[in-house]
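Hello,

Here is the structure I said I would pass on, with some notes on what turned up in it. Please open it beside this email and follow along.

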Amino acid sequence: MNFVLFDDERFHHFLPLTHSRPVSELRCGIFTMREKWLQILGLPIHYHTQKYLQEKFPLELSQDNIFINAALFPNKEITEAILTLKKGECLLKDQQLLAARLSFEAAETFDIQDTFVNNIQKHFVGDLKMLNTLWDIFSYNDSAIRDDYERITRGRISQKASATNTILGDQLFIEEGAKIECAIINTNTGPVYVGKNAEIMEGSIVRGPFAMGENAVLKLGTKIYGATTLGEGCKVGGEVNNSVFFANSNKAHDGFLGNAVIGEWCNIVADTNNSNLKNNYEEVKLWSEYKKSFVKTGLQFCGLIMADHSKCGINTMFNTGTVVGFSCNIYGAGFPRNFIPSFSWGSANGFMDYQLKKAVETASKVFERRHLPFTPIEQRLFESIYNHTTEQRNYS
């Protein structure tokens with residue numbers, strides 16, 4: 001059996017985060033969408049995504065393939081329905097393709113509309129949850145952490161917390177090698193998961209639900225208000241509420257971040273703050289790259305979306321509902337615009353093109369600091385994203 005997570009039209013709804021990844025690599029809860037399915041299925045999972053991403057996220061096929069919608073959260077009922085599909089059958093709900101079991105030939109030419117037509121349709125009648133919008137990532141993070149926590153800790157025993165800590169409740173799970181000293185952790189409000197070799201430094205105050213991945217760090221005196229996730233290798237300080245960090249990103253100093261999603265390899269520096277509530281308490285609108293307009297979120301609280309490799313200078317202020325593209329460099333006083341196109345360099349006073357060569361040089365140095373190679377595949381990905389987003393960089 002071969003499993004493939006496929007992108008549908010939702011891929012475009014998650015730009016700019018999906019400029020550099022398929023939907024299956026979005027993080028919500030403790031894990032990415034792919035990691036959730038991997039834990040349940042126990043077999044390697046491949047990707048069906050945009051052509052320019054397939055080099056980094058490869059597709060492999062066999063004679064028997066199950067394609068699963070990458071935006072779909074796994075649960076027992078939907079998993080059973082998918083695994084009982086026979087070859088030539090597909091699973092739908094409300095005319096959305098959830099899964100299909102395909103031969104090598106059908107998988108090789110996979111197309112969502114053709115799959116509707118050429119396969120026996122079965123309709124799922126149970127409950128399910130899917131990622132549909134950028135803001136779903138932080139809006140669903142509370143329930144996703146709880147679901148992931150229950151699955152990853154079932155039948156396992158946590159490492160013991162040091163006696164220097166104050167622990168409220170009994171939903172704290174500490175993986176091997178993690179360090180927590182002189183912290184206050186309240187799990188009465190939700191579970192707290194501390195990954196392998198992660199560290200919570202002295203004076204930190206954490207309210208669950210909260211999760212931190214392997215080698216992640218909470219700096220001295222950090223305040224976490226819950227429904228927050230730090231992916232692997234993230235370093236975070238200051239005050240954070242209902243935010244998701246994908247991996248290897250830093251917000252290591254004071255400043256507020258709320259109702260936000262931060263991609264990989266980002267750096268949010270000292271005293272940077274984002275607004276997550278408008279002064280008039282109105283609904284927040286967010287820029288959609290797909291629709292090329294601002295769209296209603298239905299939310300009163302919505303902060304910052306920042307794509308991979310973007311950075312900001314000290315004391316940066318982000319307005320409510322700001323979207324920052326891939327590989328941007330933002331600095332200076334005042335609030336920059338609410339949508340900053342990928343490969344932009346500048347401030348509230350104006351932006352210019354962030355030259356591809358310089359962006360690649362910076363990314364190479366960032367990888368080097370983490371003892372990772374910046375491969376030709378990564379460089380070609382930068383080039384593809386730069387070319388795809390050229391028309392956005394109209395700063396007039």
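**Helix packing**

Helix H8 (residues 356–369) and helix H9 cross at roughly 145 degrees, and their axes come within 11 Å. This crossing is right-handed. On the H8 side, the residues that take part are Leu356, Ala359, Val360, Ala363 and Phe367, and they meet Glu378, Gln379, Phe382, Glu383 and Tyr386 in H9. Sorted by class, the contact of H8 with H9 holds seven nonpolar residues, one polar and two charged. Please keep in mind throughout that this is a predicted model.

Helix H2 packs against two other helices, H3 and H7. Take H3 to begin with. H3 covers residues 76–83, and its axis is 12 Å from that of H2, at an angle of about 70 degrees. The two helices are therefore roughly perpendicular, since angles of 65 to 115 degrees count as such. H2 and H3 make a right-handed crossing. H2 brings Trp37, Ile40 and Leu41 to the contact, while H3 brings Ile78, Thr79, Ile82 and Leu83. Six of the residues in the contact of H2 with H3 are nonpolar and one is polar, with no charged residues.

The other partner is H7, which spans residues 141–153. Here the axes are again 12 Å apart, but the angle is about 30 degrees. Angles under 35 degrees count as roughly parallel, so H2 and H7 are described that way. The crossing of H2 with H7 is left-handed. Lys36, Gln39 and Ile40 of H2 touch Ala144, Asp148, Arg151 and Ile152 of H7. By class, the contact of H2 with H7 has three nonpolar residues, one polar and three charged. Ile40 is worth finding on screen, as this residue of H2 is listed in the contact with H3 and also in the contact with H7.

**Pockets and the cavity**

Which residues lie nearest the centre of the largest pocket? They are Glu25, Lys56, Ala247, Glu264 and Trp265, out of a lining of 26 residues. The elements that give two or more residues to this lining are H2 (33–41) and H9 (376–388). H9 supplies the largest share, three residues. The volume of the largest pocket is about 450 Å³. Its lining is made up of eleven nonpolar, five polar and ten charged residues.

The second largest pocket holds about 340 Å³. Its lining has 17 residues, and those nearest the centre are Glu289, Lys292, His388, Glu391 and Gln392. In this lining, six residues are nonpolar, seven are polar and four are charged.

How many cavities of 30 Å³ or more does a search of the whole structure find? The search finds one. This cavity has a volume of about 30 Å³. Tyr52, Glu55, Lys56, Ile377 and Leu381 line the cavity. Three of these lining residues are nonpolar and two are charged, with no polar ones. Lys56 lines the cavity, and Lys56 is also among the residues nearest the centre of the largest pocket.

**Backbone details**

Where are the cis peptide bonds to look at? One runs from leucine 15 to proline 16, with omega near 10 degrees. Proline 16 sits in the loop between helix H1 (10–13) and H2. Another cis peptide bond joins glycine 208 to proline 209, and there omega is about 5 degrees. Proline 209 belongs to the loop between strand S13 (205–207) and strand S14 (210–212).

The last item is asparagine 259. This residue is not a glycine, yet its phi is positive, at about 50 degrees. Asparagine 259 is found in strand S21, which covers residues 256–262.

**Where to start**

If you want an order for looking at these on screen, begin with H2, as its contacts with H3 and H7 can be shown together. Then move to H9, which meets H8 and also gives three residues to the lining of the largest pocket. After that, show Lys56 together with the other residues that line the cavity, Tyr52, Glu55, Ile377 and Leu381. Leave the cis bonds before proline 16 and proline 209 for the end, along with asparagine 259 and its positive phi.

Regards

Note on methods. Residues numbered from 1 in each chain as written. Predicted model: local features only at pLDDT ≥ 70, side-chain atom pairs only at ≥ 80, totals over all residues. Heavy atoms only, no water. 1 Å grid on protein atoms, 1.4 Å probe; cavity = no way out; pocket = protein on both sides within 12 Å on 5 of 7 lines; lining within 4 Å. Points joined across faces, edges and corners; volume = space filled by probe spheres on them. Helix = DSSP H or I, 4+ residues; strand = E, 2+ residues; numbered from the N terminus. Nonpolar A, V, L, I, M, F, W, Y, C, P; charged D, E, K, R; others polar. Axes fitted to C-alpha atoms, helices over the stretch in contact; angles between N-to-C directions. Parallel < 35°, antiparallel > 145°, perpendicular 65-115°, else oblique. Left-handed = near helix turned anticlockwise from the far one by under 90°. Contact = heavy atoms within 4.5 Å.
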